[in-house]
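Me: Please take a close look at one metal site in this model and describe how its surroundings are arranged. I would like a single connected account.

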Amino acid sequence: MTNAKNYIEKHKNRFIDELIELLKIPSISADSAFSQDVINTSDLIKTSLENAGCDLVEICETPGYPIVYGEKIIDPNLPTVLVYGHYDVQPPDPLDLWDSPPFEPVIKKTTTHPEGAIFARGACDDKGQLFMHVKALEYMTSNNQLPCNVKFMIEGEEEVGSESLAWFVTKHQEKLVNDVILISDTGMIANDIPSITTGLRGLSYVEVEVTGPNRDLHSGLYGGAVANPINILTKMIASLHDEDNHITIPGFYNKVENLSLEERAEMAKAPFSLEDYKKALDIDAVYGEQGYTTNERNSIRPTLDVNGIWGGYTGEGAKTVIASKAFAKISMRLVPNQDWTEITALFKSHFEKIAPKGVTVKVTPHHGGQGYVTPIDSIGYRAAAKAYTDTFGKNPIPQRSGGSIPIVSLFEKELKSKTILMGFGLDSDAIHSPNEHFGIFNYLKGIETIPLFYSYFTEMKLAEL
Ligand code: BES
Ligand code: MN
Ligand code: MN
């Protein structure tokens, strides 16, 4: 057994217990009722980084939630890895769909996780994955295995747009100087099919409000004679896709990067079963843009989705009413080269334009960010691939993800370094959903793989110099 494997075997119960303690704090950044919990979580991260062997750990105050910064600089002439993660989590609702309370972690076996998985909000996204890095550091520092310098930057606002982190990164470029950025906040194909995420989609998130009459009206007395904002809003939303499920906003596809047939053929080699996919979601058919496969639709193509829609009467029984207002939250996932501020502007002007007379429309942009792709010939990617090959016994497959971590493109712009996305979650881990979980296998495999990345990266980087 390797050194790391031994150490993990010996300490795995404590590693799991410590993660469970972290998962008990409801660090929901979107809900101000939990602000003290978010702050308490940053303190726990600070303590865990100190215990793992950082020489310096700071709570950096920001206009929003604090950023935990930690470092261990062993020799300024050696390369530096900057680890990013987030300690905030998504709101857990709807609560009644959880089999156990979201902030009372339990370990249960599942078909995909026969060794057991920890069920809790944030288990996979991202507390479990960020904690792999803390434990990997503990292993390296306590066994004299840290081959290079390391910096940690853990934020508490990822799930709400990373505004404070953007401010922090722009302000502290000097402090954050690094040779590679390492993030575990994505997924892999399956426990026996390792993959490394090479792309993230960009995002534009907007809220729309349609206003008709100045008050709610009796739907018998006024129905049919005035614009019903809910009817209008749903009609406007429906018109945003054509019959081939292309998005109809003029200019939306102008900058979309079109992959060559060769690149698409390469992508299609990744193992994927449409039957299993449908079965896992209990659907009889997939649905999406004409001319693209499921894996293309959720990675290399841009999309537009309603995330929430409300208005009128939704309580028990029936109320005959025409609401004065209707609302929706809409996200657009973007691909490299599409600029999120440009897309937001295109959406706004189009949505205002298609509103019929009789209603007014307000479009409020929320947050967004650019997409990201990372080359597979960089030292960082090659070091990661070697590390996975050692621990999984198989070469990892490069794969673009449909999700977004908007701050990654800002890292490249401000810190001039590439990000390596070593995600260990599975799509079935239900991030952002009820019953989120993270496999014990994945957690421990991450802790085992990360130190190998450090040593291969250092080795290759020094050889290059
Ligand atoms: N960790 C996720 C993103 C992710 C998950 C990327 C799985 C790839 C695979 C992150 O916490 C997240 O949820 N991002 C948001 C965007 C953010 C601005 C709220 C998203 O993708 O919806
Ligand atoms: Mn995340
Ligand atoms: Mn998330």
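Reply: His 432 has a relative accessibility of 39%, so the residue counts as partly exposed in this predicted model. Glu 159, by contrast, is at 13% relative accessibility and therefore counts as buried, the cut-off being under 20%. Both residues coordinate the manganese ion (ligand 3): His 432 through NE2 and Glu 159 through OE, with Asp 125 contributing OD, at 2.0 to 2.6 Å. The sequence spacing of these donor residues is D-x33-E-x272-H. Glu 159 sits in the loop between strand E6 (149–155) and H4, while His 432 belongs to the loop between strand E17 (419–421) and strand E18 (437–439), so the pair ties together parts that are 273 residues apart in sequence.

The geometry at the manganese ion (ligand 3) is irregular, because its 6 donor atoms subtend angles of 55 to 155 degrees. For reference, six octahedral donors would ideally give angles of 90 or 180 degrees. Asp 125 also serves as a bridge between the manganese ion (ligand 3) and the manganese ion (ligand 2), with 3.6 Å separating the two ions.

Helix H4 (163–171) also appears in another feature, the second largest pocket, where H4, strand E14 (360–369) and helix H11 (407–415) each give two or more residues to the lining. That pocket has a volume of about 380 Å³. Its lining comprises 16 residues, and those closest to the centre are Ala 166, Trp 340, Gly 368, Gly 369 and Leu 410. By class, the lining of the second largest pocket holds 6 nonpolar, 8 polar and 2 charged residues.

Methods:
Residues numbered from 1 in each chain as written. Chains lettered and ligands numbered in written order. Predicted model: local features only at pLDDT ≥ 70, side-chain atom pairs only at ≥ 80, totals over all residues. Heavy atoms only, no water. 1 Å grid on protein atoms, 1.4 Å probe; cavity = no way out; pocket = protein on both sides within 12 Å on 5 of 7 lines; lining within 4 Å. Points joined across faces, edges and corners; volume = space filled by probe spheres on them. Helix = DSSP H or I, 4+ residues; strand = E, 2+ residues; numbered from the N terminus. Nonpolar A, V, L, I, M, F, W, Y, C, P; charged D, E, K, R; others polar. Donors = N, O, S within 2.8 Å, 3.2 Å for Na, K, Ca; no water. Tetrahedral: all angles 85-135°; square planar, octahedral: opposite > 155°, others 65-115°. Buried < 20%, exposed > 50% of the residue type's maximum accessible area, 1.4 Å probe, protein only.
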